[in-house]
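User: Please take a close look at one part of this model, the open sheet in chain B. I would like to know what lies across the sheet and what core goes with it.

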Amino acid sequence: MLLVAISVFLFFFLRDGGALPPPLGPEEPEVPEFSFVVKNATAFPLARKPRIRTHRKAVEQVKGVLDRFYVAGFIDPGQWEDGRFTAALEQFAGPTAREARRDLPDLTLGKTAIWLNLVTPEEGVLRITLLYERAGNPVAAIVKARFEAAGDVAGEPQDVSIKHSGEYILRRVSGRWAIVGYRVLGKIAEQSVAATGGSPSPTGPGTRSPEGTAP
Amino acid sequence: MRLRVLAGLALLGLVAWIGANAFLGSPRRAGAQTPTVEIRRAQKAGYLPRPSNDRLIVILAIGSDARPGERVDRLRADSIHLIAVNPRRGAGTILGFPRDSFVNIPGRGTARINEAMVLGGPPLLAQTVQNITGIRIDYWVVTSFKGFSRMVDGINGLTVRVRYPMHDRASGSNFNPGRRRLKGGHALAFARDRHSPRNGDFGRSENQGRLMLAALKKFTSAFAGNPATMFRWIRVGLRNVKTDLSLGELIDLGLLAAQIDPGKVRNVVAPGSVGMAGSASVVHLSGSAQRIYRDIRDDGILGR
């Protein structure tokens, strides 16, 4: 009898070409692709102008650092590690990483991450200025970044708006570009998210801050 | 029989659904008890690197007497300033030396301090100042009249408060008291005028220090608005100076300068008195200068 039941059960579930159905319950959302758009990239040569190819390569490398940093810090839940953000910290030079660890709540989603199922990037723009030494090699970069995204909050119908802007100073450290300084402004704002059975006010009753991130 | 099969299927489906949810369901989806997301107001954070050991940094800034076509680092030093920076406290001191200061030049005997650069370039002048003060000098920077003027133009001028009337044909200064924005040529005249200040060369050296402070103030303000400004300053600087600083060190210093509060930088001139050495008019640095040197040597900060 039980064999019959299982057979029928399997028949119904496997009849779509043998493909397994999606698991029941909430799916792990797919991590959106993200890459900054470079709005402008200025070269500051100390002597002759850098070769176009050199400049493009440097811009790509610098952009890569910021791409990786924002993906790890904002977009990919797989890299949040319950708020440790190790992959994001890897984009900083050694001594700066220590400071960045302290500033994680402002440099990344911080502990806000625990409320979010998915972050969908909406805008990411970079303005890059590169300093070239006399020989034409890039040695330092100053980057202005603007990032906007919508965060899908677990159990809430409305997204939260995530805005983050920053200025980053990068230098070549041990053959790779790394962030050596920063100045950021992070803002995560609720968009009419009503507390379950409570107030829709962002800061009023019904709003709870994860430990350590309250303003 | 058919009913039992359907009941069995229903039961199996229910068990599967509960099981799947138990294993796959996120604890964050706690249903009706889920609180609203935390709201963080706009928050700022920032960090700029400082030299790793936070030790005192001392630079000798030299204005050379060189005219166009002459070697900037082999002429007499018209202005000599020791700039000490305490990275940890974001403060420092500018200490000027009258160019006629009569001092011992290592290996060359006693002479006016400005002769040291003729005799051995900036390194010998740095060695001379180091011996006088006991303060270790890390770097030197030397510029010419033209270089100075170009640098000031390259950063779109400097703003200083002229404290007294300055009308001097020799230097070309022609300023009434008040706040003035000086372009390169005017800044050079302001820096060279030793006839208008009541105390001659001492006042001139002080005015040169005030121009440096004006530059620091302008730089910190510009950096705060747009850090990329630093690259323009570095480029303008390197095109118009000779220095033993590497580009990397210069970037380090630029990032450090952005963290210095100009209000925490004292501008002083080594005290002394005008006298004669043979037939030459010279400045004898006074014994009280030792107190200043000692104070700067400790932490780069004067009187605090």
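Analyst: The answer begins with the model and chain B as a whole, then turns to the sheet, its helices and the core.

This is a predicted model, in which local features need pLDDT of at least 70, side-chain atom pairs count only at pLDDT 80 or more, and totals for chains, interfaces and linings use all residues. Residues are numbered from 1 along each chain as its sequence is written, while chains are lettered from A and ligands numbered from 1 in the order in which they are written.

Chain B has eight helices and 15 strands. Here helices (H or I, at least four residues) and strands (E, at least two) are DSSP runs, numbered from the N terminus. Chain B holds 304 residues, and 42% of them count as buried. A residue is buried if 20 or more other C-beta atoms lie within 10 Å of its own, exposed if 12 or fewer, and partly exposed in between, with C-beta atoms placed from the backbone. Among the contacts in chain B with a separation of 6 or more, 64% come from residues 24 or more positions apart. Two residues are in contact if their C-beta atoms, placed from the backbone, lie within 7 Å.

Now the sheet. Six strands of chain B form an open sheet with mixed pairing, in the order β12-β7-β2-β3-β4-β13. Two strands pair if DSSP finds at least two bridges between them. At the edges stand β12 (241-243) and β13 (265-269) of chain B; each has a single partner strand, so one side of each is left without a neighbour in the sheet. From one strand to the next, the twist averages 20 degrees.

Within the sheet, β2 (residues 57-64) and β3 (residues 77-86) of chain B run antiparallel and are joined by eight bridges. One position to find is V58(B), whose bridge partner in β3(B) is A84(B).

Two helices can be placed against these strands. Helix α2(B) lies across β2, β3, β4 (91-97) and β7 (139-143) of chain B, and runs at about 140 degrees to β2(B). Helix α8 (residues 289-299) of chain B lies across β3, β4 and β13 of chain B, at about 145 degrees to β4(B). For these angles, axes are lines fitted to C-alpha atoms, for helices over the stretch in contact, and angles run from 0 to 180 degrees between N-to-C directions.

Next comes the core. A nonpolar core is a set of buried Ala, Val, Leu, Ile, Met, Phe, Trp, Tyr and Cys residues joined through C-beta atoms within 7 Å. The largest has 63 residues, of which V58(B), L60(B), I62(B), V129(B) and L211(B) touch the most other members. Helix α2 (residues 116-133) of chain B gives the most to this core, namely seven residues. V129(B), with its neighbours within four places in sequence left aside, is in contact with L60(B), I80(B), L82(B), F97(B) and I137(B). Another core, of 58 residues, lies apart from it and includes I75(A), V143(A), F223(B) and A258(B).

A hairpin of chain B completes the look. Strands β5 (residues 102-105) and β6 (residues 109-112) of chain B run antiparallel, joined by four bridges. I105(B) stands opposite G109(B) in β6(B). Three residues lie between the two strands of this hairpin, and G107(B) in the turn has a positive phi of about 80 degrees.
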